[in-house]
Amino acid sequence: MSLTTRDLSPAIGSEVIADAASLLSGSLAAEIKAKLTERGVLLFRDVHFDDEELNAFAASVSPIDNQDEKGNFKVTMDAEINPMALILYGTRAWHMDRLDTALPPLGTLLSPRVLSLEGGETEFANTYAAYEALSDEDKALIEDLEVEHTTANQLRNVELPAGLEQIVDQLGMGTSRIHPLVWRHRSGRKSLVLGWTATRVVGMDPAEGDALIARLIAHAEQPQFTYRHHWRMGDVVMWDNTGTMHRVQPFEQGSKRYLHRVTLAGEEPLVAA
Ligand SMILES: [Fe+2]
């Protein structure tokens, strides 16, 4: 069987036109995985998978990450469901998931269970396309650089309710990890390893390093490299965490917005260019 797709924007995102039964059969899995790397974000509309079906579909494409509840994580600000809800404020800043690990997830799937009344769109930026569009001068400048990433740093780049900082300290989100700024993938293609988890460029004057990170993020978040997803019930969105960064748009306080998430295990260590 061959995959029917429709591009959502020129550089990132394709809708896969397939019914739920075909997707669950696994017959399209290999093509879906290849398309994921090629397009960064895949949208499956009107499939209405329950949690078990979403897990089965994800596992047919690539092995699930067992780090949190077999790769599942309840994405919600509702503290009754997710006690770590406040940490999700940080997801309003551009990031790649789990840069605190040596082998970040290959990808993530999200499917809404409750929609926000307003906002709550998820935005994606293609970090392959952003790298490729850099000037030769910039490519040479950043080729060998390394950047330290700390998850908690995302929270310094978003508006927070009072008191959140202490809670974050109590939860001990201080883990950091150094990664190359340019990732040379097994395919030979290069992408930027970028997001507001970046706390410093190794060996660079702090102000100069901060300015470089900010400039690269401003470059990568330009409309030609991004896709903004407006959620609808029944949607499944799958993204390549190794070749994109993402963030959520703010939504109403006290929202019951809730998405079910499944994470695909990482396959490829971050290798410098
Ligand atoms: Fe995320």
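**Exercise 1. Determine which residues Leu192 touches, not counting residues up to four places away in sequence, and place Leu192 within the largest nonpolar core.**

Solution. The structure is a predicted model.

Step 1. With residues up to four places away in sequence left out, Leu192 touches Thr127, Ala130, Tyr131, Leu181, Val182, Leu216 and Ala220. Two residues count as being in contact if their C-beta atoms, placed from the backbone, lie within 7 Å.

Step 2. The largest nonpolar core comprises 57 residues, and Leu192 and Ala220 are those with the most contacts inside it.

Step 3. Helix 7, residues 206-220, gives the most to this core, with five residues.

**Exercise 2. State which residues of helix 2 are buried, and explain why they lie on the same side of the helix.**

Solution.

Step 1. Helix 2 spans residues 29-39, and its buried residues are Ile32, Leu36 and Arg39. A residue is called buried if 20 or more other C-beta atoms lie within 10 Å of its own.

Step 2. These residues cover an arc of only 95° around the axis, and therefore they are on the same side of helix 2.

Step 3. Ala30 and Ala34, on the other side of helix 2, are exposed.

Step 4. The cover over the buried residues of helix 2 includes strand 2 (14-16), strand 3 (41-44), helix 3 (51-61), strand 5 (107-114) and strand 13 (236-240).

Step 5. Gly40, just after helix 2, has a positive phi of about 80°.

**Exercise 3. Describe the open sheet that contains strands 12, 6 and 14.**

Solution.

Step 1. Strands of a sheet pair through backbone hydrogen bonds, either parallel or antiparallel.

Step 2. This open sheet has three strands in the order 12-6-14, and their pairing is antiparallel.

Step 3. Strand 12 (226-229) and strand 14 (244-248) are the edge strands, each pairing on one side only.

Step 4. On average, neighbouring strands of this sheet are turned by 20° against each other, direction ignored.

Step 5. Strand 6, residues 122-126, pairs with strand 14 over five bridges in the antiparallel sense. Asn126 has Thr244 in strand 14 as its bridge partner.

**Exercise 4. Which strands stand at the edges of the sheet with the order 8-7-11, and what follows for them?**

Solution.

Step 1. The sheet is open and consists of three strands with antiparallel pairing.

Step 2. Strand 8 (176-180) and strand 11 (198-201) are at the edges; each has a single partner strand, so one side of each lacks a neighbour in the sheet.

Step 3. Neighbouring strands here are turned by 30° against each other on average, direction ignored.

Step 4. Strand 7, residues 146-150, and strand 11 pair in the antiparallel sense over three bridges. Opposite Val147 stands Val201 in strand 11.

Definitions and conventions: Residues numbered from 1 in each chain as written. Predicted model: local features only at pLDDT ≥ 70, side-chain atom pairs only at ≥ 80, totals over all residues. Buried ≥ 20, exposed ≤ 12 C-beta atoms within 10 Å, placed from the backbone. Helix = DSSP H or I, 4+ residues; strand = E, 2+ residues; numbered from the N terminus. Arc of directions from axis to C-beta. Pairing = 2+ DSSP bridges. Axes fitted to C-alpha atoms, helices over the stretch in contact; angles between N-to-C directions. Core = buried A, V, L, I, M, F, W, Y, C linked by C-beta atoms within 7 Å.
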